[in-house]
Amino acid sequence: MKLSTLAVVGSQWGDEGKGKITDFLAERADVIVRYQGGPNAGHTVVVGKDIFKLHHLPSGVLYPGKICILGNGMVLDPVTLCSELNNLKERGVVPDKLFISDRVHLIMPYHKKLDELEEKVRSGNKIGTTMRGIGPAYVDKIFRLGLRSGDVQNENELREKLAFILQMKNELFAKLYDVQGFTMEDLEEEYLPAARMLLPYLADTPVLLAEEMEKGSKVLFEGAQGTMLDIDHGTYPYVTSSSPVSGGACIGAGVAPFQIGTVLGITKAYTTRVGGGPFPTELKDHIGDMIREKGKEYGTTTGRPRRIGWLDGVALRHACRINGFYYLAITLFDVLSGLETIKVATAYQYGSQLLEHFPANLNILEKCNPVYMELNGWEEDISEAKNLQALPPQARNYISFLEELLRVKIALVSVGPRRDQTIVLNDKFY
Ligand code: GDP
Ligand code: IMO
Ligand code: MG
């Protein structure tokens, strides 16, 4: 069996342009699968003058005829997903081959409420979550108290399960937070009807994927968030509650490790982070402000201004190792035009030690000072460049510097949000 599969994975703190690159590659794909996360994701796809912001749906949904899968490793908010589908429908996009795993966990209103209450309790140490109920929904999954999409198929079983869940949750709301809990009637207002609307899409998605791969279909696994937000490999506890790394695709889509094929890391030409937590290369000056405005760095899901920093080679080496990136796609490259010099952290200075590996301990990380390599910038607007030769020499130098620093080849360079603003250096990888 010849495999043709590719995982698209964020290498930083999310918002690297995964949506744009997945959409770009999806033209050639047959199947596009989301394997973790939920509506905390905001993936922007620009098609001509149209801008689509996707939260649950894979960024392949804009091409008719592609199979789109919401994998078991995700957490779905039925109300948000229904409105996402309705919004797309109003704009003439109807996913005709959408499949939702019957094992996927549902985000319920009590999860969102808990997200809010838990953030309040943390006071000075807020995670800065998207408030979409992601963490509490994954907690219930691991605690074996989750409601799965397949549970909605049988009304009696659903009510029985929910009665127990509500009893447990309401105790928590009353005793820990002293707030009103939820009744079955509350859930019947919006959430359960929305969950029932999704029933026609439910499928045993790993079986479907196996059949497609057997036929030789091209499969794209689309990661959400990024490696530095990974529950194990990110800046814990300032992370999301899932595994965005390439290994997460096996569990979250239900495929074997050898079926992941190639792994493409998506790397912004600088760094952004939204929410709390350490950010060693953060820029709190006019350069950061300039990049934020030029790159329109405001959250797709929450509208929050993103924190900006230089590219962090230490964090990226960590991401390359954990994900096994075969290639990188460099995105938002055009945003760097106009900078006199561009900095890239190559190591961290921690007291008298030079650290080359990203430390697990946040107390150590906070005391680290990035050691920067300074590269010459360029003035020219590169947003219409169609090939490497059309880029100024300093921009080409930046690309080869990154390849050397990370020891990974760069296959794609994105110079704008549109599909045609993509320089292809290697198209043999997929
Ligand atoms: P994702 O979450 O990784 O899919 O990324 P987001 O969609 O949250 O954020 C990336 C933003 O950058 C979106 O607004 C994209 O339209 C935009 N974008 C993607 N690639 C490029 C690029 O090469 N240049 C510019 N200027 N914008 C880009
Ligand atoms: P995409 O897929 C950037 C961040 C939040 C917060 C932390 C935990 O668009 O790249 P959560 O709501 O997941 O419990 O929040 O993770 N976060 C993201 N940051 N891009 C995302 O998704 C994110 N999804 C979550 O800001 O710091
Ligand atoms: Mg995003």
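Ligand 1 has 19 residues around it, and Lys18, Gly19, Thr44, Asp334 and Ser414 are the closest; a residue counts as near when one of its heavy atoms lies within 4 Å. Keep in mind that this is a predicted model, where local features need pLDDT of at least 70, side-chain atom pairs count only at pLDDT 80 or more, and totals for chains, interfaces and linings use all residues. Residues are numbered from 1 along each chain as its sequence is written, ligands are numbered from 1 in the order written, and side-chain values use heavy atoms, leaving out hydrogens and water.

**Ligand 1**
- Side-chain polar atoms of aspartate 15 and arginine 306 sit 3.0 Å and 3.1 Å from an oxygen atom of ligand 1, with polar contacts meaning pairs of N or O atoms within 3.5 Å.
- Of the 580 Å² of accessible area that ligand 1 has on its own, the protein covers 92% (Shrake-Rupley method, 1.4 Å probe).
- Its shell holds five nonpolar, eight polar and six charged residues; Asp, Glu, Lys and Arg count as charged, Ala, Val, Leu, Ile, Met, Phe, Trp, Tyr, Cys and Pro as nonpolar, and the others, Gly among them, as polar.

**Ligand 2**
- Here 20 residues form the surroundings, and the closest are Asp15, Lys18, His43, Thr130 and Thr240.
- Threonine 240 puts a polar side-chain atom 2.6 Å from an oxygen atom of ligand 2.
- On its own, ligand 2 exposes 550 Å², and the protein buries 98% of that.
- The shell around ligand 2 splits into seven nonpolar, ten polar and three charged residues.

Key:
Polar contact = N/O pair within 3.5 Å; in protein donor to acceptor, adjacent residues only side chain to side chain.
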